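Got your viewer open and a hand on the mouse? Let's take a walk through this protein, one selection at a time.

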Amino acid sequence: MVNIVVREFSPHAFEKLSAHGLPPVLARIFAARGIGDPVQLDTAFARMAPFERLKNISQIARLLADAIAARKRMLIVADYDSDGATACAVALRALRQFGAVVDYLVPNRFEYGYGLTPEIVHLAANREDPPDILITVDNGIASVEGVEAAKRLGMEVCITDHHLPGDRLPDAAVIVNPNQPGCDFPDKHIAGVGVIFYVMLALRAELRARGMFGAAGKEPNLANLLDLVALGTVADVVRLDGTNRILVQQGLQRVRNGRCCAGMRALLKVAGRDLEQITTYELGFILAPRLNAAGRLDDMSLGIECLMTDDAARAIQLATELDQLNRQRREIEAGMREEALDKLTAMADRYGPATTTMDDAAGSDYSLCLYDSDWHQGVIGLIASRIKEKLHRPVLVFAPGNDGEIKGSGRSIPGFHLRDALDLVAKRHPGLIVKFGGHAMAAGLTIHEQNFEWFRTAFEHVAQTLLTPADLIRVIETDGELAEDELSLALAQRLASYVWGQGFPEPSFNGCFRVESQRIVGERHLKLTLSTSGGKHVHDAIFFFHTETLPAEIDVVYRLQANEYNGSIRMQLLLEHWFETDRSAV
């Protein structure tokens, strides 16, 4: 079942935005996203929250500046997703410009798991040139045992992370994390790459104060790293609050102007995308999957090397390898998704007649936990996300790990904090979960294979405690209907100039249209012409990955796009959902 609701907005905010010259449709859109003052839409670099508000930022800047002066060896310990890869590249590029002796290490998820584990610490210690300082990026806040192991081996640990902390913080030399206790940084949703970027800003200020850069104008320009910061921020699907919107907007502008690293340029080229037209969509759905494919199926060092090289030919070679891995990832994912559907169909027998659709397969369960001994650990998060989107329930998907363990990746729905739910399971059933971590909407965990059914039952009990039947009804929010004169190329282009993403959703609208024509293009997509209810205007429309013939009159949820084709630009409706005109869902 689906409910369509129009986003509510503050009349006071609407009036204030309108008074400053915003058209009513834009004033309505921004007011519905919590914007009450036009200054909040300013994405100038100077409007970022100051780095001084991050707890321990001055301490880490002094520690790293001392280490650079003493020629101590540093080692970046990265994560194996796009946020971790971009954070690693930002740290490496900045520290090397500052004169640091620095290298990196990224755990192979299949051998060592996530974060600064004791095994990773010993791997670092056994390098030919063992480091004096370990710097985590996008991980470390839960690495209590790893930090203890590092200290025993004489290494200092600097943690930079953004994940939620557990009950106990690691005893590191310094921790920079906006979500740690006592940190009053205003934008708690900053990604791991954003945190390390802030640390590099603070370090540059410390080095400047020490006179390291000499004459004015010779210090490194860290704005050159904003393409990487934008990519990691969008890829990690963090909330695009004030600081994140600024980082992403600034990064996108640099990419559009051709000022991005060779690796990003190469990734866009192999994907057939134009630098000048790049949006958050390309960052999140074109570049990020190709980077993530390295961490999911192989070794994320391949992705990091792509982001680090300044050689255009080498970048193309690495980008091509990443593209091939992504194609392989899609094939694996498609097979696993079909197997997941079969499992859900079998599960539905518990509740009634067998079904061949996923919509009925969840039965009366408030959550879903799936496991198969043949599934690939690197793709389970994607499968969890796909099933969650289809069934609108918290979903955890497991694949084999090491030594009789299985690893799970989960995705959640609004109103169900996944990490807190796992914490509740752990408290109610001591020993059931080996380890876990994550956010409200995404989390990971490890359990023993023999305990899967025990965990599934325990997790379902928690889901039924924290959720109501109403929470399981998908709600589609729109920005209402557009007037005839608002359905325009000008509005589509104006909307495309802003940054949209998690927590600041791209505007979508709903309305009734008559289908004037429809045909299949590219074997998988429905191309249409739609007329408005009054019949005065006809608009191009596209319904991606949909081939079913639509009735003569439909209600649709859609977005606006300025579509460039054969040298001309026209407004196009991107259909997302359709309904019979009486609003009964199909």
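Start with everything on screen: of the 586 residues in the protein, buried ones make up 53%. Keep in mind as you look around that this is a predicted model.

**Stop 1: the whole thing**

Switch to a cartoon view and you'll have 18 helices and 17 strands to look at. The radius of gyration is 25 Å, close to the 25 Å that the globule rule gives for 586 residues, so the protein is as compact as a globular protein of that length. Turn it along its principal axes, and the C-alpha atoms fill a box of roughly 75 × 60 × 50 Å.

Now try a surface view. About 25200 Å² is exposed, and carbon and sulfur atoms supply 48% of that. What about contacts between residues at least 6 apart in sequence: what share of them join residues at least 24 apart? That share is 66%.

**Stop 2: the rings**

Next, show the aromatic side chains. The count comes to 17 aromatic pairs. Select F9 and F14 to see one of them: the ring centres are 5.6 Å apart and the planes sit at 40°, so this pair is tilted. Is F9 buried, exposed or partly exposed? F9 is partly exposed, because its relative accessible area is 33%, which falls between the 20% and 50% cut-offs.

Now jump to Y371 and F452. This aromatic pair is tilted as well, with 5.8 Å centre to centre and 45° between the planes. Colour the secondary structure here: Y371 lies in strand β7 (residues 368–371) and F452 in helix α17 (residues 452–466), so the pair ties together parts that are 81 residues apart in sequence. Both Y371 and F452 are buried.

Keep Y371 and F452 selected and add F398, F416, F455 and F459. Ring pairs link these six, Y371, F398, F416, F452, F455 and F459, into a cluster.

**Stop 3: a loop and a charge over a ring**

Head over to L240, which is in the loop between α8 (226–235) and α9 (242–256). Being in a loop, is L240 buried or exposed? L240 counts as buried, because its relative accessibility is 3%, under the 20% cut-off.

Show what L240 touches, skipping residues up to four places away in sequence: T233, R245, V248, V499, W500, G501, Q502 and F504. Pick out R245 and F504 from that set. R245 lies over the face of F504, at 4.2 Å from the ring centre. Before you leave, try the distance tool on L240 and I190: their C-alpha atoms are separated by 8.3 Å, although the two residues are 50 residues apart along the chain.

**Stop 4: Q572 and H539**

Select Q572 in strand β17 (residues 568–580). With 4% relative accessibility, Q572 counts as buried. Which side chains make polar contacts with that of Q572? One is K527, at 2.6 Å, and another is Q561, at 2.7 Å.

Now bring up the rest of the surroundings. Leaving aside neighbours within four places in sequence, Q572 is in contact with K527, D540, A541, I542, R559, L560, Q561 and N563.

Add H539 to the selection. The C-alpha atoms of Q572 and H539 are 6.6 Å apart in space, while the residues are 33 apart in sequence. H539 belongs to strand β15 (residues 538–543), and H539 is buried too, with a relative accessible area of 7%. Not counting residues up to four places away in sequence, H539 touches L487, F513, L528, T529, L530, T532, M571 and L573.

**Stop 5: two unusual backbone angles**

For the last stop, think about the backbone. Most residues other than glycine have a negative phi. Select H392 for a positive one: its phi is near 55°. H392 is in the loop between α15 (380–391) and β8 (395–400).

Then move to D403, which has a positive phi of about 55° although it is not a glycine. D403 is in the loop between β8 and β9 (405–411).

Which state does each of them have, buried or exposed? H392 counts as buried at 12% relative accessibility, because that is under 20%. D403 counts as exposed at 77%, because that is over 50%.

How values were computed. Residues numbered from 1 in each chain as written. Predicted model: local features only at pLDDT ≥ 70, side-chain atom pairs only at ≥ 80, totals over all residues. Heavy atoms only, no water. Phe/Tyr/Trp six-rings, centres within 6.5 Å; stacked < 30°, edge-to-face > 60°. Buried < 20%, exposed > 50% of the residue type's maximum accessible area, 1.4 Å probe, protein only. Helix = DSSP H or I, 4+ residues; strand = E, 2+ residues; numbered from the N terminus. Lys NZ or Arg CZ within 6 Å of the ring centre and 35° of its normal. Rg over C-alpha atoms; globule rule 2.2 N^0.38 Å. Contact = heavy atoms within 4.5 Å. Areas by Shrake-Rupley, 256 points an atom, 1.4 Å probe, with all protein chains shown as cover. Polar contact = N/O pair within 3.5 Å; in protein donor to acceptor, adjacent residues only side chain to side chain.
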